[in-house]
Structures are given as C-alpha cells and as structure tokens.
Amino acid sequence: MVRSTKPSLLRRLGALVAAAAMLVVLPAGVSTASAASDDADMLTVTMTRTDTLGDEVYVGDTLTYSFTNTNNTSSAFTAFPAESNLSGVLTTGTPNCRYENLAGGASYPCSTASHTITADDLTAGSFTPRTVWKATSDRGGTQVLQDNIVSTGDTVTVKEGKRPDPATIPTDRADGEAVRLATARQNLGTECYRIPALAEAPNGWILAAFDQRPNTAMANGSGVKCWDAPQPNSIVQRISKDGGKSWTPIQYVAQGKNAPDRYGYSDPSYVVDEETGEIFLFFVHSYNKGFADSQLGVDESNRNVLHAVVVSSKDNGETWSKPRDITADITKGYENEWKSRFATSGAGIQLKYGKYKGRLIQQYAVGRTTGSNAAVSVYSDNHGKTWQAGNPVTGMLMDENKVVELSDGRVMLNSRPGNGSGYRRVAISKDGGVHYGTVKNETQLPDPNNNAHITRAFPNAPEGSAKAKVLLYSSPRANNEGRANGVVRISLDDGTTWSSGKLYKEGSMAYSVITALSGAAGGGYGLLYEGAWVTGGGIDSHDIMYTHISMDWLGYLSATADDVTTSVEEGASTVDVTVPVSNVGSVDYTGVTVTPADLPTGWSASPVNVGALAGGASKDVTVTVNVPATAKKDDVAKIVLRVTGTSAANADATTGFDGSITVNVTEKSEPDPEPEPTITGVSAVTSQAGVKVGDVFDASKVSVTAAMSDGSSKALAAGEYSLSAVDADGKAVDLAEPFAAAGVVTVTVSVPVEGANPLTASFTIDVAEKSVDPEPEPEPEPEPKPEPEKPAGPKVDVPTEKPGLSKTGASTAGMFIVFVLLALSGVAALSLRRRSVH
C-alpha cells in the first residue's frame with residue numbers, strides 16, 4: 001500500500017503535464033473530475049449518466065450514473081468516495097463505489113449511483129450530480145494521498161407534474177433501444193420493482209410480469225425496505241398488443257396484503273402451452289417465512305411454509321385464475337427433505353420433440369433440510385392439470401436455474417452457481433427433465449451469481465436441423481464486473497461453444513429473460529431485464545426494461561430458408577423442391593442467394609437467386625435437385641441450404657442460418673391405369689312408327705348412343721338414361737299412358753354425368769288421330785240344313801189356321817205346335833231305341 005508522502009517538485013510538474021494531456025472533449029452526459037490540488041493526476045474520475053430520461057425530469061424520476069475511476073500512478077491505492085448527493089456511492093451504505101487497492105494504471109467501473117428527483121429539486125428547479133473523491137492508502141479513507149477530486153455531472157431541469165409514461169405511447173424503436181416498463185416509486189410512491197418474466201401469448205401479445213414490492217416493515221423486524229418474500233409483494237403485468245411498440249398500464253395478477261394476516265407473491269415465471277393456448281404463471285405465496293427460514297410442511301394454511309402456486313389464463317393473459325397451491329403435488333416423496341421451494345423467475349418451456357413432446361416444464365430451486373440447495377424440473381404431461389417434480393439435481397450448490405430443449409430432444413439445465421464459483425452449472429437430461437446427468441461448470445458462461453436465461457433461437461425448427469441447434473443466452477458479461485453490462489451470447493451447436501456476446505445494457509443490470517417472437521409479435525427476440533439499480537431510503541429496486549433484438553443486431557443475416565422434406569421415386573432424374581425463404585428481421589437485403597451444400601455423393605443442385613428480400617418479407621424459390629441413377633428405395637439425401645445476402649449497412653455478403661432439404665427415395669410405383677373413357681355426348685332415335693291416339697309409347701324401340709372421350713361410341717342400356725316428353729305446347733306427356741291427343745311429342749333422353757350437368761338428346765313422335773272403321777257388310781243368311789230323317793212315330797195332325805187369328809199369329813202358333821210335335825217325336829224315338837237295347 002502506498003504511504004502518504006508529499007510529492008516532489010519534479011513529480012508535481014509531471015502531474016501538470018499529465019493533467020494537460022487529459023483535457024479532451026467529452027460527449028454530453030460524461031464529465032471528468034477536477035481537483036483543487038496540483039496532484040490531480042493520481043486519480044481520474046469519469047461520470048456518465050446512464051438513464052434515458054432526458055434533460056427535463058419530474059419528481060419521482062430516478063437518474064442513474066456510472067463512474068470509471070482510473071489510477072494514473074504505478075502504485076495501488078484506494079479510490080475513496082468522500083462526498084456525494086447521489087445514492088449508491090458513499091461507504092455509509094451498500095452498495096457503494098469505494099474500490100480498495102486499485103492497481104497502478106488500472107480502472108474500475110461503478111454503476112450503482114442514482115438519484116430520485118425530490119420536491120426540493122422541484123423547488124430548486126434543477127439538479128446537478130456532484131461527487132468528491134480521495135486517493136487514500138487505507139480502506140477507511142483517513143490516510144489521504146490526494147484530496148478534493150471533484151466530479152460534477154450535467155444539470156437537469158426539474159418540471160412540475162408527472163412524467164407521461166412513454167411505454168404507453170406507440171413508438172417504433174431500433175433494435176437494442178429500450179423502453180422502461182417500471183421504476184422505483186412509479187405508482188405508489190414507495191414501491192420497488194424486480195424479477196422479470198416474459199412470454200408471447202398464442203395470439204401474438206407480449207406479456208411482461210414482475211414483482212411490485214412495497215417499501216414496508218420487514219417481516220423479521222430488521223427494518224423498513226423493499227425486499228423478497230415474505231414481504232407483502234404483488235405480481236403485476238403489462239401487455240404489448242403491437243409487437244412491443246406500446247404497453248398497457250401496470251395491472252395486478254396476484255396482489256399481496258400487509259398486516260394483519262400479511263401475505264405476498266413473488267418471483268413470476270411463464271409457461272405457455274402452445275397446444276391448448278393456455279398460459280401458466282408460477283410464483284411463490286409467502287406468509288411469515290421466506291426461502292431461507294421456511295419450514296417443513298405442505299399444508300396450504302401453514303403460514304411458516306413458503307408455498308408454490310400457479311395461476312392460468314385462457315384469454316392470452318388478459319385475465320387470470322385465482323392462485324392454485326401445488327406445494328403438496330411438487331413435494332410428494334420429499335416431504336421430510338424439502339423445506340422450501342420457489343419457481344425460478346423468467347420462463348419455462350414446452351418440449352417439441354420425441355417421446356415427451358408437449359410436456360410443460362417449470363424449473364424450481366429447492367431448499368433442503370440437509371445439504372445444499374437443489375434444482376428440480378416440475379413438469380406436467382396433461383396440459384397443466386397436475387404437476388409433479390422430477391429428481392433433484394444435487395452434488396453442487398444450485399440456485400435459480402433454467403432449461404432448454406436441444407436439437408435432439410435432450411433437455412439442458414443451466415443454473416446460477418449460488419456459491420460465487422463464477423460460472424454457470426450445466427447438466428443434461430435424456431428423459432424430459434426427470435433425471436439429469438453429471439453437473440459441470442461451463443467456463444464459457446461467466447456468472448456473477450445472477451439469474452440468467454437460455455432459450456432456443458428458432459423454437460419451431462425441425463428436430464435435428466441446423467436451426468434447432470441455435471441457442472441464445474442473456475446475462476451479465478463477466479464474473480468480475482458484478483451485475484452489470486448485459487450481453488446476449490449465441491451458440492450454433494446446442495451449447496457446445498458460445499460467442500463472447502453482444503452488449504445490450506452498459507452498466508448496472510441484473511436478472512433477464514429472452515424469448516423468440518413470432519411474426520405476430522414483431523419477429524426477432526424480446527428481452528426483458530432489470531436495468532439501473534436504485535437504492536437508498538429503503539429502496540432496493542431495478543428499472544424494468546424491455547428491448548427488441550434481432551439476428552441482424554447480433555451480426556447474422558436474418559433471412560433464412562425453411563427446412564423442407566420431399567420424396568422422389570427410384571429412377572427419377574430430378575426433383576423440384578419449393579423452399580420458403582423468409583426475412584424475420586427488419587433489415588432489407590439484396591442479392592439474397594440460397595446455395596445447396598453438403599450434398600451426398602452423386603447428388604447435385606445449383607444455387608438459386610432470391611434477389612431482394614425486405615424485412616418481414618418471404619419468397620418461395622424452387623431448388624432443382626439432381627438425383628443419381630444409383631438412388632434406391634429408402635435412401636435419404638440431406639442437403640444444407642446456405643443463405644447469403646447484403647444490406648445497405650453491410651456490403652459484404654452476410655451468412656444466415658442454414659435451412660435444409662431432406663429427400664426420401666421411394667419405390668417406383670406402377671403407372672396409373674388409363675382412365676376410363678367418359679361420355680361426351682349422346683344421340684337418340686326411336687323405331688316406333690305409325691303412332692295414333694290411344695297407342696302406348698314403346699320404350700324398347702328407343703336407341704341411345706353415347707359418344708365417348710376416346711372417340712368410340714357406346715349403346716346405352718335403358719337403366720343408363722331417363723326419358724321425359726312434352727307436347728307441342730310444352731305440356732308434359734306421361735309416356736306410361738296411351739297417347740291422348742294427336743300432335744308432335746318431343747321425347748328427351750337425359751344421361752347423368754358425374755360432377756356435371758346431364759347430357760341430353762331428343763327425338764319426336766307424330767301422333768295421328770284415331771281412324772273410324774266402315775260399317776261391316778251384313779253376313780248372308782246361312783242355307784237351312786235339311787232336317788235329319790226321323791223315325792216314324794205316331795202321326796200328328798197339324799191343325800189348320802183357325803178363323804179369327806192373324807196370319808202372323810197363326811204362323812207363330814203353328815211353328816210352336818210343330819216344335820212341340822217334333823220334340824215329342826224325338827222323345828218317342830229315344831224311348832224306342834232304349835227299348836230295343838234292352
């Protein structure tokens with residue numbers, strides 16, 4: 001440690017030269033410390049304002065600042081904040097900006113400084129941030145090497161009234177440009193905000209939930225402040241219905257209650273069931289105890305247990321059910337081991353692949369009676385009707401943890417270390433999160449003991465595809481900078497390797513959650529995070545910030561080709577494949593090209609020019625794949641589709657994420673049989689002639705001929721057509737009845753045709769009047785036959801005509817007498833014959 005000694009004259013001259021060299025023009029919002037002494041070169045203090053509230057502020061606004069302190073000497077000393085009108089700076093509170101043993105030539109950042117505009121500031125009309133620093137050889141700031149190093153920031157104007165909430169005003173924002181959804185004292189004047197959760201509803205709304213924490217007496221009697229459970233906290237939510245451009249006002253999902261009978265809700269996390277459209281929101285329900293001092297038990301009424309609850313929404317997050325306690329369900333089998341549990345805030349997942357497709361998973365951290373905290377997957381296989389816990393992940397201290405499904409259906413656990421080891425802890429499950437393998441430290445993902453988030457970049461990509469392997473991870477940048485400098489990292493290989501990340505929030509930030517957004521929600525990725533840390537006066541809060549990012553923002557082409565599967569028969573030489581190419585970002589691209597790559601031996605395909613592709617646009621292109629003659633049934637050809645393009649911002653060709661074509665070779669099918677010829681026309685005639693009134697129509701004499709599509713003709717049977725008829729006046733004629741009148745009868749033949757109107761043909765029948773027959777000629781009188789000779793009988797005298805009878809009467813009477821006599825003579829003769837026989 002440097003001793004406190006008076007610098008030599010030569011050193012003072014050197015200091016003046018160094019100070020002169022540091023007089024550079026700084027951007028607005030950035031100021032450099034000045035010193036009253038000539039030893040100002042020992043410590044340089046740069047103050048930067050980090051909020052986005054502008055130069056006009058209102059009572060209740062919180063301004064945030066960061067400092068960069070640089071040791072300009074070759075020896076270590078303590079950078080000691082002596083005076084400040086900012087919170088989070090002086091050593092009288094925690095956190096603060098003291099840095100002990102700052103090495104020679106080294107710099108360190110401090111991002112905890114803030115100031116909430118007060119009524120006194122309004123009276124003054126302005127506020128100017130000011131700090132005074134010392135370079136000391138001791139931690140306590142008493143052994144001064146250099147004093148009175150003053151750093152003053154830009155003055156802001158304080159206006160009357162309440163600041164309009166910019167989040168409610170529809171605004172187009174660039175990628176990475178954040179909007180504040182909540183800040184300390186925003187609504188109640190004493191409240192804090194922390195613990196973000198984020199999801200996209202099935203209809204494309206973006207849901208953002210977080211804790212609202214009142215600045216009130218601690219349940220354990222340790223003072224008055226905003227804090228975690230068991231404070232009477234509430235879960236609140238804002239919704240964006242226009243892709244993040246604007247947000248509804250803050251509304252309660254589950255509201256806590258202060259004394260008497262205090263209870264509260266904390267740590268929200270969404271899980272969306274994409275198959276049913278129902279959304280679940282998990283959080284803790286506290287009474288008297290928090291995570292650290294919760295006791296064994298699962299009874300819902302036990303006030304000394306930290307309970308697990310869930311609510312659900314079936315209307316895209318607009319309304320929510322009452323909290324349902326699932327403590328007993330998810331503690332089953334561990335009732336004597338697990339004394340505490342809480343849902344890891346942010347978001348859970350639904351599995352997309354394999355045996356466990358559709359499973360809902362929410363991660364929990366569990367406090368055990370013995371051993372360190374464990375991580376566990378709580379899951380449902382019946383769309384959230386019931387929930388159960390898998391096996392706990394133990395062996396290493398675990399804390400807030402997240403899961404992501406990998407491209408092959410395995411589940412990767414990614415956990416906050418909990419013990420300050422500095423790196424995320426990772427384990428793999430092969431059974432949908434029930435059991436996990438060995439836990440390892442992932443040294444590519446440094447962690448300052450913070451709740452981070454991991455997600456799929458393309459959640460709907462086919463299993464095993466290149467896009468299914470792309471993961472995104474959001475967290476603070478390093479493990480030696482504290483909770484600060486938020487970055488998004490990307491992995492292209494299921495988390496095997498990770499990028500160094502791109503900064504989205506400089507300075508103070510903590511918890512974050514990132515999710516892929518559909519086109520209905522604006523595409524790209526939504527990122528909700530805790531921004532500036534606001535402390536002092538019992539306040540322990542972070543600004544809740546939302547921003548949108550894209551693959552363009554991350555440095556990748558946002559245009560991508562779909563993954564397409566097709567088939568081709570053995571013997572075919574080519575197959576044309578339609579491939580959608582979509583630009584899911586906001587940057588317009590030109591010269592977009594799809595290049596097939598990594599084809600199997602013998603297969604080939606040429607690049608396809610897509611041309612210009614505006615942000616949000618999509619085009620279908622045809623990729624012609626040449627199939628080798630050796631391709632046989634059950635062969636599978638997997639072809640990578642590389643997409644490149646240029647933009648106004650980047651003239652160099654930029655590579656996007658691979659699409660793919662999968663070609664399955666099938667057995668050659670038999671040629672389709674020749675189609676049966678169809679009827680194209682009909683004709684009809686009748687051979688019935690000479691028809692007169694009273695005659696009956698003879699259907700058997702009708703001949704109907706069909707002209708066929710193959711040029712042939714076909715005689716139709718009676719059952720293949722129907723007949724109808726009308727007379728000359730158009731009146732229907734019943735062909736089953738005899739013709740009732742003379743005249744022309746038109747008979748129509750109707751032949752039904754499947755899927756079309758019937759085909760018809762007609763012929764006519766001339767019905768004549770019925771002819772009158774002439775009177776028949778009278779038949780001549782038959783010649784009388786001679787009477788057969790009769791046997792002799794008794795002689796009968798025939799009387800003569802008596803006088804007085806007419807000639808006619810006499811004749812008739814005579815005939816009668818003759819007839820009688822003849823009859824009698826016949827009888828007599830018969831009698832004689834009979835006698836002769838006997």
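User: In which sense do strands E27 and E28 pair, and over how many bridges?

Analyst: This is a predicted model. In it, E27 (residues 360-368) is paired with E28 in the antiparallel sense, over seven bridges. One pair to look at is Ala365, whose bridge partner in E28 is Ala375.

User: What links E27 and E28?

Analyst: The two strands form a hairpin, with five residues between them. Within the turn, Gly371 has a positive phi of about 85°.

User: Which strand does E28 pair with besides E27, E29 being the one I have in view, and over how many bridges?

Analyst: E28 also pairs with E29 (residues 388-389), in the antiparallel sense and over two bridges. There, Tyr379 stands opposite Gln388 of E29.

User: How should I read the two faces of a strand such as E28: are they buried or exposed?

Analyst: Start from the general pattern. Side chains in a regular strand alternate between the two faces of the sheet. For E28, one side carries Ala374, Val376, Val378 and Ser380, and the other carries Ala375, Ser377 and Tyr379. These residues are all buried, and both faces are covered. The cut-off behind "buried" is under 20% relative accessible area.

User: Why is E28 described as largely enclosed?

Analyst: Seven of the seven residues in E28 (residues 374-380) are buried, so the strand is largely enclosed by the rest of the structure. For the chain as background, buried residues account for 46% of the 838 residues.

User: Now a sheet. In what order do the strands E54, E55 and E56 lie?

Analyst: The three strands make an open sheet in the order E54-E55-E56, with antiparallel pairing. E54 (722-726) and E56 (756-767) are at the edges with a single partner strand each, so one side of each lacks a neighbour in the sheet. On average, neighbouring strands of this sheet are turned by 25° against each other, direction ignored.

User: How many bridges join E55 to E56?

Analyst: E55 (residues 743-753) is joined to E56 by 10 bridges, and the two run antiparallel. Along this pairing, Val749 stands opposite Ala761 of E56.

User: What does the secondary structure of the protein chain come to?

Analyst: The protein chain has five helices and 56 strands. Of its contacts between residues at least 6 apart in sequence, 60% join residues at least 24 apart.

User: How much area does the protein chain expose?

Analyst: The exposed area is about 40,100 Å², and carbon and sulfur atoms supply 52% of it.

Technical notes. Residues are numbered from 1 along each chain as its sequence is written. This is a predicted model: local features need pLDDT of at least 70, side-chain atom pairs count only at pLDDT 80 or more; totals for chains, interfaces and linings use all residues. Side-chain values use heavy atoms; hydrogens and water are left out. Helices (H or I, at least four residues) and strands (E, at least two) are DSSP runs, numbered from the N terminus. Buried means under 20% relative accessible area, exposed over 50%, partly exposed in between (1.4 Å probe, protein chains only). Contact means heavy atoms within 4.5 Å. Accessible areas come from the Shrake-Rupley method with a 1.4 Å probe; for residues, only the protein chains shown count as cover. Two strands pair if DSSP finds at least two bridges between them. Axes are lines fitted to C-alpha atoms, for helices over the stretch in contact, and angles run from 0 to 180 degrees between N-to-C directions.
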